[in-house]
Amino acid sequence: IIGHSCVEYKDEVFVFTPKGDLYKLPQGATILDFAFTIHSNLGCRCIGARVNGKNAQLRQTLNSGDQVEIMTSNTQTPKQDWLNIVTTSKARTKIRQALKEMAARQHAFAKETLERKFKNRKIEYDEGTMMRLIKRLGFKVVTDFYQSIADETLDVNDIIDKYLELQKREN
């Protein structure tokens with residue numbers, strides 16, 4: 001064992017940044033795990049990396065001694081399937097948190113859009129009637145309804161027409 005300079009840990013890998021900073025990760029950790037280990041903003045904007053000078057995908061597994069330079073894009077956002085790529089609980093938690101925040105922003109925007117359309121068409125917005133319409137449209141939770149508006153699988157003008165129909169029927 002004399003002259004053996006590197007101690008191998010079976011359940012851990014040691015990875016370097018281009019500046020030479022050393023990070024310890026669990027065996028099986030991916031580039032995406034590494035990005036989140038450094039900083040959650042880096043993880044959220046990660047599009048890949050250069051590992052030992054070669055381009056690599058988010059899901060590439062890291063080995064001890066790898067030098068990893070994370071590549072980012074300002075337009076990148078966390079994706080649901082990232083949860084299948086990462087192995088560390090820190091990364092998983094940060095991704096879930098980011099997805100929740102993104103969904104909340106989309107829902108708020110969808111609701112504002114809907115309410116603005118009501119105002120523009122000079123229609124009284126009644127929360128109760130809207131809730132009954134949402135149920136009638138087959139949504140069990142309101143957030144799914146707003147997500148459909150955000151995804152543009154539901155058209156705001158169609159919703160308003162159905163709302164008016166329902167209002168007429170109820171009066």
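## Strands 1 and 2

In this predicted model, phenylalanine 16 sits across from leucine 22 of strand 2. That pair belongs to an antiparallel match between strand 1, residues 12-16, and strand 2, residues 22-26, which is held over five bridges. The two strands make a hairpin, with five residues between them. Have a look at glycine 20 in that turn: its phi is positive, at about 95 degrees.

## Strand 3 and its two partners

Strand 3 covers residues 46-51, and it pairs with strand 5 as well as with strand 4. With strand 5, residues 68-72, it runs antiparallel, and five bridges join the two. Here alanine 49 faces isoleucine 70 of strand 5.

On the strand 4 side, the pairing is again in the antiparallel sense, this time over three bridges. Arginine 50 has asparagine 55 of strand 4 as its bridge partner. Strand 3 and strand 4 also form a hairpin, with two residues between them.

## Positive phi outside glycine

Which residue in the turn between strand 3 and strand 4 has a positive phi? It's asparagine 52, with a phi of about 50 degrees, a positive value in a residue other than glycine. Asparagine 52 lies in the loop that links strand 3 to strand 4, residues 54-56. Its relative accessibility is 44%, so it counts as partly exposed.

Glutamate 152 is another non-glycine residue with a positive phi, about 65 degrees in this case. You'll find glutamate 152 in the loop between helix 6, residues 142-150, and helix 7, residues 156-170. Is it buried or exposed? At 69% relative accessibility, glutamate 152 counts as exposed.

## Helix 1 against helix 4

Two packed helices are described by the angle between their axes and the distance between the axes. For helix 1, residues 31-38, and helix 4, residues 89-120, the angle is about 80 degrees and the axes are 9 Å apart. That angle makes helix 1 roughly perpendicular to helix 4. Helix 1 brings Asp33, Phe36 and Thr37 to the contact, while helix 4 supplies Lys90, Ala91, Lys94 and Ile95. Sorted by class, that's three nonpolar, one polar and three charged residues.

Histidine 39 is worth a stop here too: it lies in the loop between helix 1 and helix 2, residues 40-44. Its C-alpha atom is 9.6 Å from that of alanine 91, although the two residues are 52 apart along the chain. Alanine 91 is one of the helix 4 residues in the contact with helix 1. With 43% relative accessibility, histidine 39 counts as partly exposed.

## Cysteines without a bond

How many disulfides does a search of the whole structure find? Zero. Cysteine 44 is in no disulfide, and the nearest cysteine sulfur to it belongs to cysteine 46, 10 Å away. Seen from the other end, the closest cysteine sulfur to that of cysteine 46 is the one in cysteine 44, and 10 Å is too far for a bond. The cut-off for a disulfide is a pair of cysteine sulfur atoms within 2.5 Å.

Both cysteines are buried. Cysteine 44 has a relative accessibility of 16% and therefore counts as buried, since the limit for that class is under 20%. Cysteine 46 is buried with a relative accessible area of 0%.

Notes. Residues are numbered from 1 along each chain as its sequence is written. This is a predicted model: local features need pLDDT of at least 70, side-chain atom pairs count only at pLDDT 80 or more; totals for chains, interfaces and linings use all residues. Side-chain values use heavy atoms; hydrogens and water are left out. Two strands pair if DSSP finds at least two bridges between them. Axes are lines fitted to C-alpha atoms, for helices over the stretch in contact, and angles run from 0 to 180 degrees between N-to-C directions. Angles under 35 degrees count as roughly parallel, over 145 as roughly antiparallel, 65 to 115 as roughly perpendicular and the rest as oblique. Contact means heavy atoms within 4.5 Å. Ala, Val, Leu, Ile, Met, Phe, Trp, Tyr, Cys and Pro count as nonpolar, Asp, Glu, Lys and Arg as charged, and the others, Gly among them, as polar. Buried means under 20% relative accessible area, exposed over 50%, partly exposed in between (1.4 Å probe, protein chains only).
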